[in-house]
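Visitor: I'm new to this one. Could you take me in for a close look at a single part, the aromatic rings?

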Amino acid sequence: MSDNIQLFVPTYRVEETLAEIKECLEVGWTGLGFKTDAFEAEWKKFTGLPNAHFVNSATAALHLAVELLKEDGGWSDGDEVITTPITFVSTNHAILYAGLTPVFADVDQSLNLSPASVERMIGPRTKAVMFVGMGGNPANLDDVASVCRDRGIKLILDAAHMAGSRIGAVHVGNQADASIFSFQAVKNLPTGDSGMVCFADKGLDAEARKRSWLGINKNTYQRTSQIGTYRWEYDVDSVGYKYNGNSIMAAIGLVALKHLDHDNAFRRQVCSWYDEMFSSLEGLVRPVEHKGGTSRHLYQIMAKDRDSLMVAMNAASVYPGVHYKDNRAYRMYSGCKSDAGCHFARSCSDGLVSLPLHLRLTHSDVVRVVESIASFYRRMP
Ligand SMILES: *Cc1c(COP(=O)(O)O)cnc(C)c1O
């Protein structure tokens, strides 16, 4: 192995995971049902959320969440969803998939939506707020939830980074009308590609199950386990999608879930190493504000001269990332309404750096990452 220090390296319990997958192969069931049912049950137990529907990505889950809330609420095309410019484009694409209009509010030092900015952007056509817990950080989430409750608008939580994030003892998601988790390979609970959509409402959960299976009102697992005749019969309620999760991904997820709290604790340990080392570099590097006790999907800093810094880190075989570029820099979102230009988002977006953070990092790796940053600034005039 090289001495490269990568941003993310997914880690799997190989033997344990293979045993879980082997069961699918031996039983002869790799599709929807079986392990997907087991994973949904375990996820509900872990999070305390009342409903959980396993799908093939968080992007699909976001689409289902926005589309079904729109139908249920009788929203019209062009109605508005207040969202953040600092996110992966999936978040905002989901609003466009559903024919709604993204309106950008600003973020604060936590990189999460600022409750005051959200309030300023609420207008007659506002139907929902899309909240992203950046890097697992729940900062502002409860405040934005209470703004939504007071103003009678829906809250959708893009919790792609938040598997295992809690406020006190309570897992995040309970504040929202729908919360969406990603189990993509570099997220905290890595499978290959998959995700979970968790609706507060049981009826919407039932609808999501049909919508993610092409609109068919009975899945093949239910039909296979059905007793009696006419097992082939079903109806089609809507033009649904092929968004269902499968038992191989769920098998990987079931094992990862058992280790999630332990793994997140290790991530927090790595973050505390960074915190400690950066405290002696005060003035050079400002870590992004983050509440403790969370999934710590990311460790982000705001850096001066970001692009040159990243090139210098690469030269030291350290490979950081950027989460994220202000979405309004992309053509699809350049014309959207925003709160006074979302000044803070714009100004911080050019300085954001995500430092390597994964389960294989050692203390000496972290020393090397920090030294690659410190030596860059020592060389600066
Ligand atoms: C990764 C990610 C997504 C999309 O997740 P997939 O499972 O890859 O579709 C959505 N939102 C955010 C904030 C993400 O980081």
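**A look at the rings**

Guide: Let's start with two residues that are out of the way: Phe39 and Phe54 are both buried. Keep in mind that what you see is a predicted model. The ring centres of Phe39 and Phe54 sit 5.2 Å apart, and their planes meet at 85 degrees, so this pair counts as edge-to-face, since anything over 60 degrees gets that label. The pair also ties together distant parts of the chain: Phe39 belongs to helix H2 (residues 35–47), while Phe54 belongs to strand S2 (residues 53–55), 15 residues apart.

Now widen the view a little. Phe39 and Phe54 are part of a cluster joined by ring pairs, which also takes in Trp43, Phe46, Phe181 and Phe183. One of those rings, Phe46, has a charged neighbour: Arg166 lies over its face, at 5.0 Å from the ring centre.

How many aromatic pairs are there in total? The count comes to 13. Another edge-to-face pair is made by Phe266 and Trp273, with 6.3 Å from centre to centre and 90 degrees between the planes. Here the two partners are covered to differing degrees: Trp273 has a relative accessible area of 15%, so it is buried, because buried means under 20%. Phe266, at 25%, counts as partly exposed.

One last stop, out on the surface: Tyr12, Val14 and Leu18 make a nonpolar patch of about 260 Å². Val14 lies in helix H1 (residues 14–27) and is partly exposed, with a relative accessible area of 49%.

Notes: Residues numbered from 1 in each chain as written. Predicted model: local features only at pLDDT ≥ 70, side-chain atom pairs only at ≥ 80, totals over all residues. Heavy atoms only, no water. Patch = residues over 30% accessible without salt bridge, like charges linked within 9 Å, V, L, I, M, F, W, Y side chains within 5 Å. Areas by Shrake-Rupley, 256 points an atom, 1.4 Å probe, with all protein chains shown as cover. Salt bridge = Lys/Arg side-chain N within 4 Å of Asp/Glu carboxyl O. Helix = DSSP H or I, 4+ residues; strand = E, 2+ residues; numbered from the N terminus. Buried < 20%, exposed > 50% of the residue type's maximum accessible area, 1.4 Å probe, protein only. Phe/Tyr/Trp six-rings, centres within 6.5 Å; stacked < 30°, edge-to-face > 60°. Lys NZ or Arg CZ within 6 Å of the ring centre and 35° of its normal.
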